[in-house]
Amino acid sequence: MTDGQGTDDTRRALVLAGGGLKVALQAGVLQVWLDEAGLRFDHADGASGGTFNLAMYCQGMTGRQIADNWRDMRPLKGVTPNWPQYLKGPYAASLFTLDGYRRHVFRDWGLDWEKIRATDRLATFNLYDFSRDELEVLTADRMDEERLAAAVSLPMWFPAAVVDGRTYIDPVYVTDANIGEAIRRGCDELWIIWTVSQRRRWHDGFVADYFQIIETAANSRLREWQRRIDAGNAALRAGEQGEFGRPITVRTLRCEVPLNYLVNFSRDRFRQAVELGVHRARTWCAEEGIPLSAPLPCPSADGTRLRFSERMAGAIAFGPAAPGDRPESGGRPDGEDLSVRLTVRIEDLDRFIVCPEHRAAVTGQIHCEALGGRREVESGSVDLLVQEDDPEHLRMRYRLFFTDRAGHPLTLSGHKTVDEDSGHGPWADTTTLYTRILRGHVGAEEEKGAEVVATGVVRLRLPDFVRELASFRVGSDTARGRLAALGRFGQFFAGRLWDVYLQGVLAWSPV
């Protein structure tokens with residue numbers, strides 16, 4: 001295999017691990033790995049939800065086509081309650097069936113089983129044969145719709161599948177990534193896309209416990225394989241045989257995905273997960289030194305415009321170490337009054353909601369007598385509720401460029417920390433902006449070494465919040481369009497706050 005990324009004798013395996021509906025992110029990664037990085041794999045393996053993407057991969061779809069299938073996913077089409085079973089109470093076969101996936105989702109994805117079975121790509125699908133108490137690994141030439149459904153038949157949620165007289169269920173309790181199969185097939189590099197949560201935060205309740213048990217099984221199994229591979233590689237370096245007889249390289253892209261494993265009703269949520277996968281994969285490739293072709297643009301664009309006004313007031317203290325520079329400080333620093341009046345403009349609501357930076361343009365004024373009175377914001381941006389390393393820890397980032405009365409360029413850089421661990425609660429977290437005034441017009445990538453002129457805190461107060469709600473305007477020709485746009489923005493904002501503050505109710509907002 002040669003593709004500019006490896007050597008002639010390197011055999012790569014693509015491991016599409018399970019993760020329920022979180023594997024929508026996996027599709028975004030495939031867009032980057034397959035299309036932008038041009039990676040080719042000698043073997044591909046899928047388990048649980050990863051078999052969805054594996055089926056499309058075997059059919060010959062490009063990474064972009066796989067990603068677009070998830071972008072266009074209408075989750076309610078796949079929801080089929082198992083109504084007849086509900087009368088049985090605790091003896092019901094399942095809460096739902098996979099009929100919606102069979103009738104609608106698989107058809108919308110364009111799955112063609114003749115093409116899948118005829119693929120020239122070596123691929124293995126994992127099912128658990130309950131009748132024989134063993135993991136069954138099937139190559140693509142043996143796959144069909146029944147067996148794909150069997151591969152994701154998660155007990156209690158979906159009924160066990162009966163195929164050729166044998167009972168099958170999702171293999172997740174045995175494996176969520178069949179690393180051993182890739183090694184047995186002679187692969188030296190394992191490229192794993194891992195979406196099972198590794199946050200290790202326990203929540204009570206049946207639904208939370210069910211998936212935390214799955215996380216326990218999946219993550220512990222992954223760690224066990226990593227230990228075995230590390231031990232084998234260490235033995236080889238010491239001149240011994242090693243368990244596998246050759247060095248094995250593991251390249252794992254991990255990401256916390258703000259999607260529930262099964263309970264999701266919003267199309268926007270799936271699209272956000274795909275774009276997060278694209279963003280994470282591009283960052284990961286840059287860190288790994290993997291060159292990419294010109295990135296494919298974010299496909300979302302509907303032209304719906306939205307704007308609203310925001311006013312915050314507080315104070316700044318000159319010097320680099322004022323109390324307001326510390327997020328844990330809730331007090332008002334002694335110093336000069338500072339207020340900002342901003343108009344936030346979202347030029348394309350669809351792109352804003354779906355793309356990970358959630359960025360809007362900002363105009364307005366900054367008022368501080370010590371900086372020259374009322375100063376116009378020459379340009380600026382705000383990133384609303386942006387995920388950093390953990391989707392439970394979000395930030396709103398403000399960057400405003402202006403000048404003082406002498407014409408010297410300055411930057412107001414501010415952030416709101418939305419974090420359940422802050423101890424302040426959602427109101428304080430979303431209305432408190434910790435600010436720094438920097439010398440010059442400073443971009444985010446230059447801020448670390450920038451000169452700090454002043455620091456402080458400004459806040460959105462309740463009367464200003466009420467005025468902000470009244471200031472929302474939508475660029476749509478119809479009342480229905482305006483209501484729909486406001487609903488989508490409100491759903492986005494409320495859903496992100498749910499992700500932080502209502503984890504104990506349901507991990508990740510379903511809308």
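**Notebook: aromatic pairs and a cavity**

I began with two tryptophans: Trp-70 is buried, and so is Trp-109 (buried means under 20% relative accessible area with a 1.4 Å probe, protein chains only). I am working on a predicted model, where local features need pLDDT of at least 70, side-chain atom pairs count only at pLDDT 80 or more, and totals for chains, interfaces and linings use all residues. Residues are numbered from 1 along each chain as its sequence is written, and side-chain values use heavy atoms, with hydrogens and water left out.

Next I searched the whole structure for aromatic pairs and got 29. Rings of Phe, Tyr and Trp (its six-membered ring) pair if their centres lie within 6.5 Å; planes under 30 degrees apart count as stacked, over 60 as edge-to-face and the rest as tilted. The Trp-70 and Trp-109 ring centres are 5.0 Å apart with planes at 50°, so I noted this pair as tilted. I then found both tryptophans in one aromatic cluster with Phe-52, Tyr-101, Phe-106 and Phe-270.

I moved on to Phe-352 and Phe-492, whose ring centres lie 5.5 Å apart with planes at 75°, so that pair is edge-to-face. Both phenylalanines are buried.

Phe-492 turned up again when I looked at the largest cavity, whose lining also includes Ile-353 and Arg-488. A cavity here is a set of points on a 1 Å grid over the protein atoms alone where a 1.4 Å probe fits but cannot get out, and lining residues have an atom within 4 Å of a point. I sorted the lining residues into three nonpolar, four polar and four charged.

Conventions
1 Å grid on protein atoms, 1.4 Å probe; cavity = no way out; pocket = protein on both sides within 12 Å on 5 of 7 lines; lining within 4 Å. Nonpolar A, V, L, I, M, F, W, Y, C, P; charged D, E, K, R; others polar. Buried < 20%, exposed > 50% of the residue type's maximum accessible area, 1.4 Å probe, protein only.
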